[in-house]
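Q: Could you take me through the structure shown here, one feature at a time, and explain how each kind of feature is read?

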Amino acid sequence: MKSFYDLDESARVALCEQVIAEKRTLSERWERLAVESTNGWSSRAGAAAELLVDCPEVADLGCGMMALEKLLPSNTRYIPVDVVKRDDRTIVVDFNKDPPPPTSARAAVCLGLLPYLHDVRRFMVSLKNQYSVVVVSYNPIEFSNSVTQRRSHGWVNDYSWIELESLFKAAGWNISTANNLDGQQVLWRLNS
Ligand SMILES: C[S@@+](CC[C@H](N)C(=O)[O-])C[C@H]1O[C@@H](n2cnc3c(N)ncnc32)[C@H](O)[C@@H]1O
C-alpha cells in the first residue's frame with residue numbers, strides 16, 4: 001500500500017472500518033512506518049522516559065522507531081516489541097492475536113498503541129499478569145472532533161478518559177499519575 005497518510009481521508013476511513021470489521025492489524029501500514037512522520041511523538045517519549053527512570057528494564061510494546069530508547073537512562077535494559085521486526089532485537093507479536101510476551105522486565109510502555117487494538121480490556125489484563133508498572137498513552141474521544149477523524153488516523157476504538165480509567169481499574173491496575181500531554185493525549189503511569 002501507499003504510505004497511510006498518502007491516502008485521502010475517505011480512503012483512510014474506509015480502510016480503518018474494514019480493519020475493524022475484520023478485527024485485524026493494518027500491518028501493511030506499520031511496515032512503512034519509517035516514511036510516516038513520527039517527529040511529533042518525541043515529546044511523548046520524553047514524558048514517558050521521565051516516568052520510567054526508576055525502572056532498570058523496560059519492554060517497549062509497539063516500539064516503532066524506538067525514539068524512547070535514547071531518552072531512557074543509558075543503563076536501562078531496553079526490550080523492543082512490535083508487530084513489525086524493527087531490528088534484530090525486536091520480539092515480533094501482534095497484540096490483536098497474542099498477549100504481550102513474557103520478558104525479564106517488570107515495566108512496560110505502550111505509546112500510541114492502544115488506539116489500534118480491538119480488545120483493549122484483554123490486553124490490559126494480560127499486561128497485569130506480567131508487569132507491575134505500565135506507562136501508557138491514549139487519545140480520549142473528548143479530545144477528537146469526530147469518530148470519522150479518529151478513523152482517519154486508523155484508530156479502531158473510542159474510549160473517553162473516564163471510561164479508559166475504569167477499564168484500567170477493572171483490569172487490576174492502580175492509577176499512579178495521569179497527565180494531559182498536549183490536549184490530544186493522556187499519559188498514565190499504572191502500578192499493580
Ligand atoms: C503510532 S506507532 C507508535 C510508535 C512508538 N511507540 C512511538 O510512540 O514512537 C504504533 C506502533 O505500534 C505498532 N503496532 C500497531 N498495532 C500493533 C499490534 N496489533 N501489535 C503489535 N504492535 C502494533 C506499530 O507497528 C507501530 O510501531
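A: Let us begin with one pair of residues, keeping in mind that this is a predicted model: Asn179 stands opposite Leu187, and Leu187 belongs to strand S7.

Q: Which strand is joined to S7 by six bridges, and do the two run parallel or antiparallel?

A: To read a pairing, follow the directions of both partners and the bridges that join them. Here S7, which covers residues 186–191, is joined to S6 by six bridges, and the two strands run antiparallel.

Q: What is the order of the strands in the sheet, and which are the edge strands?

A: A sheet is read by walking across it from one neighbour to the next. In this case the sheet is open and has seven strands in the order S3-S2-S1-S4-S5-S7-S6, with mixed pairing. The edge strands, each of which pairs on one side only, are S3 at residues 91–92 and S6 at residues 174–180.

Q: Which strands does helix H4 lie across, and which does helix H6 touch?

A: For a helix against a sheet, look at which strands it meets and at the angle between the directions. Helix H4, residues 120–130, lies across S1 (57–61), S4 (107–110), S5 (133–138) and S7, and it runs at about 160° to S4. Helix H6, residues 161–170, packs on the sheet where it touches S5, S6 and S7, and its direction makes about 15° with that of S7.

Q: Where does Gln184 lie, and which residues is Gln184 in contact with beyond its neighbours within four places in sequence?

A: A loop residue can be placed by the strands on either side and then by its contacts. Gln184 lies in the loop between S6 and S7, and, once neighbours within four places in sequence are set aside, it is in contact with Tyr138, Asn139, Pro140 and Phe143.

Q: Which residues come nearest to the ligand, and how much of its accessible area does the protein cover?

A: A binding site is read from its surrounding residues, then from individual atom pairs. There are 20 residues around the ligand, of which Arg44, Gly62, Asp82, Asp94 and Leu111 come nearest; by class, this shell has 11 nonpolar, five polar and four charged residues. A backbone N or O atom of Val83 lies 3.2 Å from a ligand nitrogen atom, while an N or O atom in the side chain of Arg86 is 2.9 Å from a ligand oxygen atom. On its own the ligand has 590 Å² of accessible area, and the protein covers 97% of that.

Key:
Residues numbered from 1 in each chain as written. Predicted model: local features only at pLDDT ≥ 70, side-chain atom pairs only at ≥ 80, totals over all residues. Heavy atoms only, no water. Pairing = 2+ DSSP bridges. Helix = DSSP H or I, 4+ residues; strand = E, 2+ residues; numbered from the N terminus. Contact = heavy atoms within 4.5 Å. Axes fitted to C-alpha atoms, helices over the stretch in contact; angles between N-to-C directions. Near = heavy atom within 4 Å. Polar contact = N/O pair within 3.5 Å; in protein donor to acceptor, adjacent residues only side chain to side chain. Areas by Shrake-Rupley, 256 points an atom, 1.4 Å probe, with all protein chains shown as cover. Nonpolar A, V, L, I, M, F, W, Y, C, P; charged D, E, K, R; others polar.
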